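Trainee: I would like to learn how to read a model like this one. Where do we begin?

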Amino acid sequence: MEELDSEPTVTLIPGVNSKKKQMCFDWGPGEMLVCETSFNKKEKSETVPGCPFIYIIRKDIDVYSQILRKLFNESHGIFVGLQRIEEELTGKSRKAQLPCFLSLQDAPCSCCMSFHFCRLVRVSKNYRSVIRACMEEMHQAAIAAKDPASGRQFSSQVSILSAMELIWNLCEILFIEVAPAGPLLLHLLDWVRLHVCEVDSLLADVLGSENPSKHESFWNLVTILVLQGRLDEARQMLSKEADVSPTSAGMCRILGDLMRTMPVLSPGNTQTLTELELKWQHWHEECERHLQDGTFASSPHLESLCKIMLGDEAALLEQKELLNNWYHFLVTRLLYSHPTVKPIDLHFYAQSSLDLFLGGESSPEPLDNILMAAFEFDIHQVIKECSIALSNWWFVAHLTDLLDHCKLLQSHNLYFGSNMREFLLLEYASGLFAHHSLWQLGVDYFDYCPELGRVSLELHIERIPLSTEQKALKVLRICEQRQMTEQVRSICKILAMKAVRNNRLGSALSWSIRAKDAAFATLVSDRFLRDYCERGCFSDLDLIDNLGPAMMLSDRLTFLGKYREFHRFYGEKRFCDAASLLLSLMTSQIAPRCFWVTLLTDALPLLEQKQVIFTTEQTYELMRCLEDLASGRPVRGEPGAQRLQEDIENTKLEMLRLALARNLARAIIKEGSLEGS
């Protein structure tokens, strides 16, 4: 397995000389901008930068790996499921359907807690299965790689994923599973067998040969099986040796009987540790007697196997190549020397095994330090070492979250206002937001950080590039679900501006209404009115016809909606309603002054109707508006009011005056006739 990095990776920037020039940098949500300044470090004089470029340094490059993205996606579902389990247990949502109906009790009983504990173990195994699936896919990619550089990169990732699963599995055994599930040693044996899996391919190779006992790797295979405690399989291999070698048949039978009678505490066994120790001591004395009597003296291989079963350290260290690593040596040593080891003593044996295995020839690697911290039951050191050695925050964030749910990190708060779980989840989620699609996963991680999650989400979601309207709608829906009012308003403004630039006025008006932005709604309404003046018709009629209460957002939007209503009345030949609405638009000052000419022109067809539409009073109001407009009196705040006189055509002005005068005469006659009758 390739060693993990003991220090954070150093990123070299081409063309930048940090020894001679001062560096300038700025942090982003998932990356850093770096450039060289024009200042020398030692000299005060300014010079031209030697590297006139800005470099983008990505913090979490693993999010751009196609295969690792599957790891992030799959683990996200497990993470959310775990949070919901906790919510059920604490009663924040629907009560969990536990065996003793937890919802009817004040506190969880022992069977409920055991059930919850088993669920946490299952969650941990789900995480490991995702790591292993990703590792296998990465391994296939390494085999299929077309160039050596890609192959090496994939192989490196396989080694890192393998180390991640190894560490996770050990933490699961020591911190989660061992309390309710049985003896520690059995779990450690399973751990070694799972992660030293070359023996299975070797076993298949030997058994597939014509004469297994004559295979060049036969004794290596038997030795590895004994080192891993797979004694039943080792006995079967010895029986093959006994079948073809009568001289060693008796020795194979005796050693096989010793393997068969070795006391082992299994999960379903009811014997106590004291009974096991007595049986094991008797068995150990029998093995030692056979060795001293020279029972296996004529067969060095069988004698070596007997010494291993006696836990002889020298014999074990002779098998360094087959053991591969010190933790395999540790578990084998415990199996044959201290089978009833207690968790509290584990770190003593781990440290001595590491020292014996390395023999002073080399220093511990980062992986060794992480495993040693786990054997010392120092959870915080495990997390610290993993944070340094691993290339992303995925591992430490999810492991810490799981351990926190096991109530193992409750007392560890950080000095800047957050606990370790939340800090690591925030870091991981921040890295996800650097990716164009994985940011959606990061939202849920922020949601489950009660202290700083919402603030962090608000800061990160504002930096998401809204490249498409579909993506913008996703972001908007997330903000609306969380009542993030300011972010909703900001996103709607951005989309409204884009729509205006693309001359999509209906979309722009819709976004400005959704943002409740009165100023921008006024701007878009002005564009609608200007287009009407140029084209003589409205676009996006469905939107304008269905503004409803939204038209009250701004005066200009109200005018737009009411003006469209005037046209609808006119089209339906509801002339009196149309006339009253038109007059109210002018007299209420809601209509922009520059649009009065258009409104008065719209009144002409109503003035020329056979029946009198405008009353005497209404006609006087229209005449006053016309004279105000003709006099060119500027209105404060109305842009372009000084140019109004230039826009009024003399012919149109005379036509309006004439039409108003005729209508006034007709209205007076009509109203006088009504009074006389």
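Trainee: How many helices and strands does the protein have?

Mentor: There are 31 helices and 3 strands. Keep in mind that this is a predicted model. Of the 677 residues, 48% are buried.

Trainee: Among contacts between residues at least 6 apart in sequence, what share joins residues at least 24 apart?

Mentor: The share is 62%.

Trainee: Next, confidence. What is the mean pLDDT of the protein?

Mentor: The mean is 81, and 79% of the residues reach 70 or more. Then look at the elements. Helix α30 (residues 644-647) has the lowest mean pLDDT, 49, while α15 has the highest, 95. Two stretches call for attention. Residues 93-108 have pLDDT below 50, and this stretch has 21 contacts in the model beyond near neighbours in sequence. Residues 640-645 are also below 50, with 9 such contacts.

Trainee: Now helix packing. Which quantities describe a packed pair?

Mentor: Two are used: the angle between the helix axes and the distance between those axes. Take α13 (residues 326-337) and α15 (residues 366-375). Their axes are 11 Å apart, at an angle of about 30°. Angles under 35 degrees count as roughly parallel, so α13 is roughly parallel to α15.

Trainee: Which residues of α13 and α15 meet?

Mentor: From α13 come Trp326, Tyr327 and Leu330. From α15 come Asp368, Leu371, Met372 and Phe375. By class, this contact holds 6 nonpolar residues, no polar ones and 1 charged.

Trainee: Try another pair. Are α19 and α20 roughly parallel or antiparallel?

Mentor: Start with the numbers. The axes of α19 (residues 439-447) and α20 (residues 453-461) come within 8 Å and cross at roughly 155°. Over 145 degrees counts as roughly antiparallel, and therefore α19 and α20 are roughly antiparallel to each other. On the α19 side, the contact uses Val443, Phe446 and Asp447. On the α20 side, it uses Gly453, Arg454, Ser456, Leu457 and His460. The classes here are 3 nonpolar, 3 polar and 2 charged.

Trainee: What span does helix α26 reach, and what is expected?

Mentor: Helix α26 covers residues 555-571, which is 17 residues. From first C-alpha to last it reaches 24 Å, close to the 24 Å expected at 1.5 Å a residue.

Trainee: Which residues of α26 are buried?

Mentor: They are Arg556, Leu557, Thr558, Phe559, Leu560, Gly561, Tyr563, Arg564, Glu565, Phe566 and Phe569. Charged residues are worth spotting in such a list; Arg556, Arg564 and Glu565 are among them.

Trainee: Now the backbone. What sign does phi have in most residues other than glycine?

Mentor: In most of them phi is negative. Positive values therefore stand out against that general pattern. Just after α26, Lys573 takes a positive phi of about 60°. Asn324 is not a glycine either, and its phi is about 75°. Gln483 has a phi near 55°, again positive in a residue other than glycine.

Trainee: Where do Asn324 and Gln483 lie?

Mentor: Both are in loops. Asn324 sits between α12 (320-323) and α13. Gln483 sits between α21 (469-481) and α22 (485-501).

Trainee: Is Gln483 buried or exposed?

Mentor: Its relative accessibility is 60%, so Gln483 counts as exposed. Asn324 has 45% and counts as partly exposed.

Trainee: And loop residues at the other end of the scale. Is Ser217 buried or exposed?

Mentor: At 16% relative accessibility, Ser217 counts as buried, because the cut-off is under 20%. Ser217 is in the loop between α5 (198-207) and α6 (218-227). Beyond neighbours within four places in sequence, Ser217 contacts Leu202 and Val206. Pro592 is another buried case, with a relative accessible area of 3%. Its loop runs between α27 (575-587) and α28 (596-607).

Trainee: How far apart in space are Pro592 and Asp555?

Mentor: C-alpha to C-alpha, they are 9.4 Å apart, with their positions 37 residues apart in sequence. Val80 offers a second example. Val80 lies in helix α1 (residues 66-90) and is buried, at 8% relative accessible area. Asp444 is 364 residues away along the chain, yet the C-alpha atoms of Val80 and Asp444 are separated by 7.4 Å.

Trainee: Which residues is Val80 in contact with, leaving aside neighbours within four places in sequence?

Mentor: They are Asp444 and Tyr448.

How values were computed:
Residues are numbered from 1 along each chain as its sequence is written. This is a predicted model: local features need pLDDT of at least 70, side-chain atom pairs count only at pLDDT 80 or more; totals for chains, interfaces and linings use all residues. Side-chain values use heavy atoms; hydrogens and water are left out. Helices (H or I, at least four residues) and strands (E, at least two) are DSSP runs, numbered from the N terminus. Buried means under 20% relative accessible area, exposed over 50%, partly exposed in between (1.4 Å probe, protein chains only). Axes are lines fitted to C-alpha atoms, for helices over the stretch in contact, and angles run from 0 to 180 degrees between N-to-C directions. Angles under 35 degrees count as roughly parallel, over 145 as roughly antiparallel, 65 to 115 as roughly perpendicular and the rest as oblique. Contact means heavy atoms within 4.5 Å. The expected span of a helix is 1.5 Å times one less than its number of residues. pLDDT is the predictor's confidence in each residue, from 0 to 100.
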